[in-house]
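Visitor: Got a minute to walk me through this model? I'd like to start with one helix and then move on to the sheets.

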Amino acid sequence: MRAVECRDVWMVYRTFMERGIVALRGIDLDIEDGVIFGLLGPNGAGKTTLISILSTILIPTKGEVRILGMDAFKNTRKVRERINISSGVRMPWGMKVYECLRFYAMCYGITDRRVVDRVISEFELEEHRNKRFDDLSTGNKQKANLARAFLNDPEVVFLDEPTANLDPDMAKKIRQMILRIKEEKDVTIVLTTHNMREAEMLCDRIAFIKEGKIVAEGTSEELKKYTKMSERVILKLKGNAKKLHIPYPYRMDGNTLIAFVEDAEKALPSIVVRLAEQGVFVESAKMEEITLEDVFIELAEGS
Ligand SMILES: Nc1ncnc2c1ncn2[C@@H]1O[C@H](COP(=O)(O)OP(=O)(O)OP(=O)(O)O)[C@@H](O)[C@H]1O
């Protein structure tokens, strides 16, 4: 069974002065059971709107959403019993971690304290269980939020930017935690992220969203084929070079030139020569496979 099915989903936010903001424009999406699925896209693309609709928090202006085979808006209560969402790092009031989690467990009708103990242990919160949520570091707040999202043993979990605002170490820990939980539990995870490496590391499949539409969807390997080139040549240039002419698509990152080529070894000498002809010299060079970030930039910037 598919965990998520979306057909022609539109979302228009009604605004007081304007004619309305179209956040989603006909989203079609199938997410298979048991995968980690990533929603990627630039700011304002519609990721949060989409994940909020999939988790039944928002009702779309038009379209059909089925979660675990059920119509999300005709069977909302049943759907909510079998899903959960973690969005932002908020918990109510100044309660302790254990109390917060117990409160949320009771909202799901879970009275067994062992369930709360289980998520505290799964999300490595033992040493923080009696600390006030507000006093935790951002990373531990995020862990507590993730723990909350797994209280009802959900079959589908939606995570809105699970590593946003975390330092690299904590972000890595959270990613490892997500992968471990996915291994241990029979759960489908749908997450949004801006971080390409994170998407590549975590997600079985990824959808790129731009201006409310899915512009590409597939595994990270499939997505890399969206750019015609499969390798890149990275050249650190001496001095500042602006308008350059080389026979390959490229982008500049400061004084680093990143050229997209089919065969990096073949292309490198000709690029260096062409640059020298334009009075631009190379300090260092390396060759590597194209990254998901390149695809993201191409899709986000392309028309
Ligand atoms: N409550 C709202 N009222 C009006 N417009 C909204 C509302 N929420 C989002 N929007 C608009 O809808 C569009 C999509 O926003 P959304 O937050 O879904 O994008 P996003 O991809 O999650 O962005 P970000 O990565 O910056 O969080 C944007 O133009 C945004 O301004």
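Visitor: How many residues does helix α9 have, and how far does it reach?
Guide: α9 covers residues 264-277, so numbered because helices (H or I, at least four residues) and strands (E, at least two) are DSSP runs counted from the N terminus. The helix has 14 residues and reaches 20 Å from its first C-alpha to its last, close to the 20 Å expected at 1.5 Å a residue; the expected span is 1.5 Å times one less than the number of residues. This is a predicted model, where local features need pLDDT of at least 70, side-chain atom pairs count only at pLDDT 80 or more, and totals for chains, interfaces and linings use all residues. Residues are numbered from 1 along each chain as its sequence is written.

Visitor: Which residues of α9 are buried?
Guide: Ala264, Ala267, Ile271 and Leu275. Buried means 20 or more other C-beta atoms within 10 Å of the residue's own, exposed means 12 or fewer, and partly exposed is in between, with C-beta atoms placed from the backbone.

Visitor: Where do they sit around the helix?
Guide: Looking down the axis of α9, the buried residues fall within an arc of 65°, so they line one face. That arc is taken from the directions from the helix axis to the C-beta atoms.

Visitor: And what's on the face turned away from the buried side?
Guide: Exposed residues: Glu265, Lys266, Pro269, Val273, Ala276 and Glu277. Following α9 comes Gly279, with a positive phi near 75°.

Visitor: What do the buried residues of α9 pack against?
Guide: Three strands: β11 (231-237), β13 (256-261) and β14 (282-289). Contact here means C-beta atoms, placed from the backbone, within 7 Å.

Visitor: What's the strand order in the sheet with β11, β13 and β14?
Guide: That one is an open sheet of 4 strands, ordered β12-β13-β11-β14, with antiparallel pairing. Two strands pair if DSSP finds at least two bridges between them. At the edges are β12 (250-253) and β14, each pairing on one side only. The twist averages 20° from one strand to the next.

Visitor: How many bridges between β12 and β13?
Guide: 4, in the antiparallel sense. Asp253 stands opposite Thr256 in β13. As for α9, its direction makes about 30° with that of β11; axes are lines fitted to C-alpha atoms, for helices over the stretch in contact, and angles run from 0 to 180 degrees between N-to-C directions.

Visitor: Switching topic: what's the order in the sheet of 6 strands?
Guide: β6-β7-β8-β3-β9-β10, an open sheet with mixed pairing. β6 (83-87) and β10 (213-218) are the edges, each with a single partner strand, so one side of each has no neighbour in the sheet. Here the twist averages 15° from one strand to the next.

Visitor: Do β3 and β8 run parallel or antiparallel?
Guide: Parallel, with 5 bridges joining β3 (residues 36-40) to β8 (residues 188-193). Phe37 has Val190 in β8 as its bridge partner.

Visitor: What sits between β9 and β10?
Guide: They form a hairpin with 2 residues between them, and Glu211 in the turn has a positive phi of about 45°. The two strands pair antiparallel over 5 bridges, and Ala207 is partnered by Glu217 in β10.

Visitor: Which helix lies across β3, β9 and β10?
Guide: α10 (residues 292-301), running at about 30° to β9 (205-210).

Visitor: Last one: which element gives the most to the shell around the ligand?
Guide: α1, with 3 residues. α1 (47-54) and β2 (21-32) each supply at least two.

Terms used. Two residues are in contact if their C-beta atoms, placed from the backbone, lie within 7 Å.
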